[in-house]
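Thanks for coming. I will go through one structure today, from the whole chain down to a few single residues. Please have a look at the display before I start.

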Amino acid sequence: MKGSQKKRLLLYFLGLFIMTAGVAISVKSNLGVSPVSSIPYTLTCVWGIEMGKATILFHGVLVLLQICILRRRFQVKNLLQIPLGVIFGYFTTFCNFLVSFAPTPQNLVVRLGMLLVSVVIIAFGIFLYLPANILPLAGEGVMQAVSDTFHVPFSRVKVGFDVSMVAISLVTCLFFLHRLGSVGIGTVLAAVLVGVVLGRITRHFSGWRDALMEEVNRNALGKNAG
């Protein structure tokens, strides 16, 4: 593997790992998780499935959903989202294991602080992961499939997807647990703040990231030309 490809992969998987670290902190705060993580965490709360395994299962279902939506237009390379989901699931398991050593906070201010830290970490993970442009996670794959098939702007699909995930989680937890479960104030804050924080991070650090990506692309072009 070329050095430029290694750098892109490093940036990509580092971003994914940082995202899962942020999710683990939000779980520890016990104030609700981000919309995209609400279904796996609901599986954990209701049926006791370890969250990493629930994440893997959820990614598999999302890939099947893409196949149903796209049919013949589904590209075989997108099946790689399944092993990517496995990696993301193991990242989730490992990060949850790491935060398990921290004491569970009871003070609401501390829990809110943890939640805000998780928002920043998730946003920074996305900041690193997206520009590498290697392979989208299954959730983004479904949103893109819906956008392309029904000619709806991706931003609107994103809102609808997040709302749907939260609604499914909320109904499931209320039905089986008679409480909110995976949905809470943290879910709302994450839905609102991750994009805002991502914009701030991009504004201040995109030069460094883009310079790194340009260097990677320049190296790749130079080697191909040679």
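**Overall build, then selected residues**

His151 sits in the loop that joins α6 (138-150) to α7 (154-176). I will come back to that loop later. One thing to say early is that this is a predicted model.

Let me begin with the whole chain. How many helices and strands are there in the protein? There are 8 helices and 0 strands. Written in sequence order, the pattern is α-α-α-α-α-α-α-α.

Next, the overall dimensions. The C-alpha atoms fill a box of roughly 65 × 40 × 30 Å along the principal axes. For 226 residues, a compact globule would have a radius of gyration near 17 Å, and the protein has 18 Å, so the two agree. Of the 226 residues, 43% are buried.

Now contacts along the chain. Take the contacts with a separation of 6 or more: 77% of them are between residues 24 or more positions apart.

As for the surface, the protein exposes about 12200 Å², and 69% of that comes from carbon and sulfur atoms. On charge, there are 19 positive and 7 negative charges, and the mean positions of the two sets are 4 Å apart.

That covers the whole chain. Now to single residues, starting with helix α5.

Arg111 lies in α5, which spans residues 108-132. Is Arg111 buried or exposed? Its relative accessible area is 17%, and buried means under 20%, so Arg111 counts as buried. Setting aside neighbours within four places in sequence, Arg111 is in contact with Ser29, Asn30, Leu31, Pro105 and Gln106. Ser29 comes up again in the polar contacts: the side chain of Arg111 reaches the backbone oxygen of Ser29 at 3.0 Å. For a distance across the model, take Arg111 and Thr202, which are 91 residues apart in sequence and 26 Å apart in space, C-alpha to C-alpha.

Val110 is also placed in helix α5. Val110 has a relative accessible area of 43%, so it is partly exposed. Between the C-alpha atoms of Val110 and Ser29 the separation is 8.2 Å, with their positions 81 residues apart along the chain.

Moving on to helix α6 and the loop after it. Ser147 is in α6. With a relative accessible area of 10%, Ser147 is buried. Which residues does Ser147 contact, leaving aside neighbours within four places in sequence? They are Val152, Pro153, Phe154 and Val157. With Val152 there is a polar contact: a polar atom of the Ser147 side chain lies 2.6 Å from the backbone oxygen of Val152.

This brings me back to His151, in the loop between α6 and α7. The relative accessible area of His151 is 69%, so this residue is exposed. His151 also has a positive phi of about 55°, although it is not a glycine. For background, most residues other than glycine have a negative phi.

Where else does a positive phi turn up in a residue other than glycine? Arg71 is one such case, with phi near 55°. Arg71 belongs to the loop between α3 (51-70) and α4 (81-99). The cut-off for exposed is over 50%, and Arg71 has 67% relative accessibility, so it counts as exposed.

The last residue is in helix α7, and that is Phe176. Phe176 is partly exposed, at a relative accessible area of 42%. What does Phe176 touch, not counting residues up to four places away in sequence? It touches Val46 and Trp47. Phe176 and Val46 are 130 residues apart in sequence, while their C-alpha atoms are 6.7 Å apart in space.

To recap, the protein has 8 helices and 0 strands. Arg111 and Ser147 are the buried residues I discussed, while Arg71 and His151 are exposed loop residues with a positive phi. That is what I had for today.

Key. Residues are numbered from 1 along each chain as its sequence is written. This is a predicted model: local features need pLDDT of at least 70, side-chain atom pairs count only at pLDDT 80 or more; totals for chains, interfaces and linings use all residues. Side-chain values use heavy atoms; hydrogens and water are left out. Helices (H or I, at least four residues) and strands (E, at least two) are DSSP runs, numbered from the N terminus. Buried means under 20% relative accessible area, exposed over 50%, partly exposed in between (1.4 Å probe, protein chains only). The radius of gyration is taken over C-alpha atoms; the globule rule is 2.2 Å times the number of residues to the power 0.38. Contact means heavy atoms within 4.5 Å. Accessible areas come from the Shrake-Rupley method with a 1.4 Å probe; for residues, only the protein chains shown count as cover. Lys and Arg count as positive and Asp and Glu as negative; His and the chain ends are not counted. The place of a charge is taken as NZ of Lys, CZ of Arg, CG of Asp or CD of Glu. A polar contact is a pair of N or O atoms within 3.5 Å; within protein, one must be able to donate a hydrogen and the other to accept it, and residues adjacent in sequence count only if both atoms are side-chain atoms.
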